[in-house]
Amino acid sequence: MKIEPITDAVASTHSVRVRDLSLSFGAFSILRNLNLDVWEGEFLVLLGSSGCGKSTLLNCIAGLLDISDGQIFIKGRNVTWAEPSERGIGMVFQSYALYPQMTVEGNMTFGLKNARLPRDEIARRVAQTADLLQIEPLLKRKPAALSGGQRQRVAIGRALVRDVDVFLFDEPLSNLDAKLRGELRVEIKQLHQRLRNTMIYVTHDQVEAMTLADRIAIMKDGMIQQLGTPTEIYARPVNRYVADFIGSPSMNFFEGTIQENRFCADGLSVPLTHYEFTRGPAQAATFGIRPEHILAGEAANGADFTTEVTAEVVDPLGSDTLVMATLAGSRFWLRLPGNSPVQPKDRLKIGINAADASLFDAKDEVRL
């Protein structure tokens with residue numbers, strides 16, 4: 001296998017580099033020729049549905065799985081075949097993985113004692129990390145006496161005391177209730193802002209990804225579909241899969257054709273003068289528009305396309321109201337302010353601007 005040289009300039013800007021990584025179990029290919037660069041101090045989120053390969057990729061970077069082909073570099077050093085303990089990483093697991101017979105302090109110091117660090121250095125790191133995570137009162141407790149959120153803080157603290165350059169998080173909040181998940185999400189983001197270490201975070205929760213990440217890598221079938229900032233992925237998804245995966249409710253889709261620089265479907269005709277094409281238009285296309293980008297009432301005046309629809313389902317959520325209707329033979333959602341008085345069977349004027357839309361080739365589903 002050819003070893004790719006890493007220059008000092010590249011090593012200083014890239015914290016983790018994955019090159020042509022493949023992983024197979026027998027005849028089953030899990031990861032395929034995957035390439036990924038993670039910048040120094042970046043918070044990168046691996047996002048995707050179950051089975052897409054995101055946790056598998058994280059385990060490969062951690063050294064918990066032996067790859068079939070390719071190379072992995074951490075801080076410019078080729079660690080492809082290095083042991084996990086030699087990679088300079090700290091890992092936080094979904095299941096906490098705390099030693100039940102040890103106190104919080106014992107869990108946090110276990111790895112440091114095995115590394116034969118001086119006692120005063122161990123005490124300094126534990127005190128600093130406990131203060132950072134606000135778990136000083138818990139140091140003498142055992143995991144059984146802790147709540148789920150406290151256990152997760154301890155698991156994070158056990159990784160932080162190692163004082164490494166790269167932290168790996170494997171769905172650390174998925175076992176917590178929604179309220180606690182939101183609170184810890186904020187704490188993890190603040191932690192990164194204070195430490196500025198490189199963090200790679202695996203989740204299937206798009207809200208976690210959008211709120212935490214500097215960049216998101218959306219995965220499907222062992223491959224990265226799109227790598228970009230949350231804003232880039234939300235505004236310009238590279239294919240229909242990414243567009244459908246991001247957003248709640250997800251993007252609305254209408255099947256039709258492009259004729260004379262207009263998208264046409266039954267009852268839908270949107271001029272594309274203001275649409276920025278990425279590549280040449282195809283005849284058969286899918287028109288995508290997010291619920292929050294569909295204008296309603298007076299706001300629809302002057303839009304590229306306007307029509308009237310009948311509200312079929314009204315879903316009040318407090319801060320906003322979701323309305324389901326039918327257009328061009330397809331059901332779609334639009335988002336209104338929370339105080340909207342709309343009721344089922346009401347007629348609504350709606351408007352769509354092409355600049356807010358996404359067009360995809362009907363055959364390969366790639367953005368046009």
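Mentor: Before we start, one rule: two strands count as paired if DSSP finds at least two bridges between them. And keep in mind that this is a predicted model.

Trainee: Okay, over how many bridges do strand 15 and strand 20 pair?

Mentor: They sit in an open sheet of 3 strands, ordered 15-20-16 with antiparallel pairing. Strand 15 (295–296) and strand 16 (305–310) are the edge strands, each pairing on one side only. The rule asks for at least two bridges, and strand 15 pairs with strand 20 (residues 347–352) in the antiparallel sense over 2 bridges.

Trainee: Which residue in strand 20 stands opposite Ala 296?

Mentor: Stay with the antiparallel pairing of strand 15 and strand 20. Opposite Ala 296 you find Ile 350.

Trainee: There's another open sheet, of 5 strands. By how many degrees are its neighbouring strands turned against each other on average?

Mentor: Its order is 13-12-11-14-21, again with antiparallel pairing. The edges are strand 13 (268–271) and strand 21 (358–361), each pairing on one side only. Ignoring direction, neighbours in this sheet are turned on average by 35°.

Trainee: And inside that sheet, what stands opposite Phe 254 in strand 14?

Mentor: Look at strand 11 (residues 252–258) and strand 14 (residues 284–289), which pair in the antiparallel sense over 6 bridges. Phe 254 also belongs to a core of 31 residues, along with others including Ile 294, Ala 325 and Leu 348. Its opposite number in strand 14 is Phe 287.

Trainee: How many residues does the largest nonpolar core have?

Mentor: Nonpolar side chains in soluble globular proteins tend to be buried together. Here, Leu 47, Ile 156, Tyr 201 and Ile 218 have the most contacts inside the largest core. Leu 47, for one, touches residues including Thr 203, Ala 209, Ile 218, Met 219 and Phe 245, leaving aside those up to four places away in sequence. The size of this core is 45 residues.

Trainee: Against which helices do the buried residues of helix 3 pack?

Mentor: Helix 3 covers residues 104–114, and its buried residues are Val 104, Gly 106, Asn 107, Met 108, Thr 109 and Leu 112. After the helix comes Arg 116, with a positive phi near 60°. The packing partners of those buried residues are helix 4 (119–133) and helix 5 (148–160).

Trainee: Gly 149 caught my eye. Which residues does Gly 149 touch, not counting those up to four places away in sequence?

Mentor: Gly 149 is in helix 5 and is buried, at 0% relative accessible area. Its C-alpha is 10 Å from that of Tyr 96, a residue 53 places away along the chain. The residues Gly 149 touches are Leu 176, Leu 180 and Leu 184.

Trainee: Why is Cys 60 too far for a bond, and which cysteine has the closest sulfur?

Mentor: A disulfide needs two cysteine sulfurs within 2.5 Å, and the whole structure has 0 disulfides. Cys 60 is buried, with a relative accessible area of 1%. Its sulfur is too far for a bond because 13 Å separates it from the closest cysteine sulfur, the one in Cys 52.

Trainee: On to charges. What is the N to O distance between Arg 124 and Glu 121?

Mentor: Both residues lie in helix 4, 3 residues apart, about one turn of the helix. Arg 124 is partly exposed, at 41% relative accessibility. Their salt bridge is one of 17, and its N to O distance is 2.7 Å.

Trainee: How many residues apart are Arg 153 and Glu 187?

Mentor: Their side chains meet in a salt bridge at 2.6 Å, N to O. Arg 153 is buried at 15%, while Glu 187 is partly exposed at 29%. The pair links helix 5 to helix 6 (residues 178–195), distant parts of the chain, and the two are apart by 34 residues.

Trainee: Last one: with which residue does Asp 361 form a salt bridge?

Mentor: Asp 361 lies in strand 21, and its partner is in the loop between strand 13 and strand 14, so the pair ties together parts that are 82 residues apart in sequence. Asp 361 is buried at 12%, and the partner is partly exposed at 32%. With the closest N and O atoms 3.4 Å apart, that partner is Arg 279.

Terms used. Residues are numbered from 1 along each chain as its sequence is written. This is a predicted model: local features need pLDDT of at least 70, side-chain atom pairs count only at pLDDT 80 or more; totals for chains, interfaces and linings use all residues. Side-chain values use heavy atoms; hydrogens and water are left out. Helices (H or I, at least four residues) and strands (E, at least two) are DSSP runs, numbered from the N terminus. Axes are lines fitted to C-alpha atoms, for helices over the stretch in contact, and angles run from 0 to 180 degrees between N-to-C directions. A nonpolar core is a set of buried Ala, Val, Leu, Ile, Met, Phe, Trp, Tyr and Cys residues joined through side-chain atoms within 4.5 Å. Buried means under 20% relative accessible area, exposed over 50%, partly exposed in between (1.4 Å probe, protein chains only). Contact means heavy atoms within 4.5 Å. A salt bridge is a side-chain nitrogen of Lys or Arg within 4 Å of a carboxyl oxygen of Asp or Glu.
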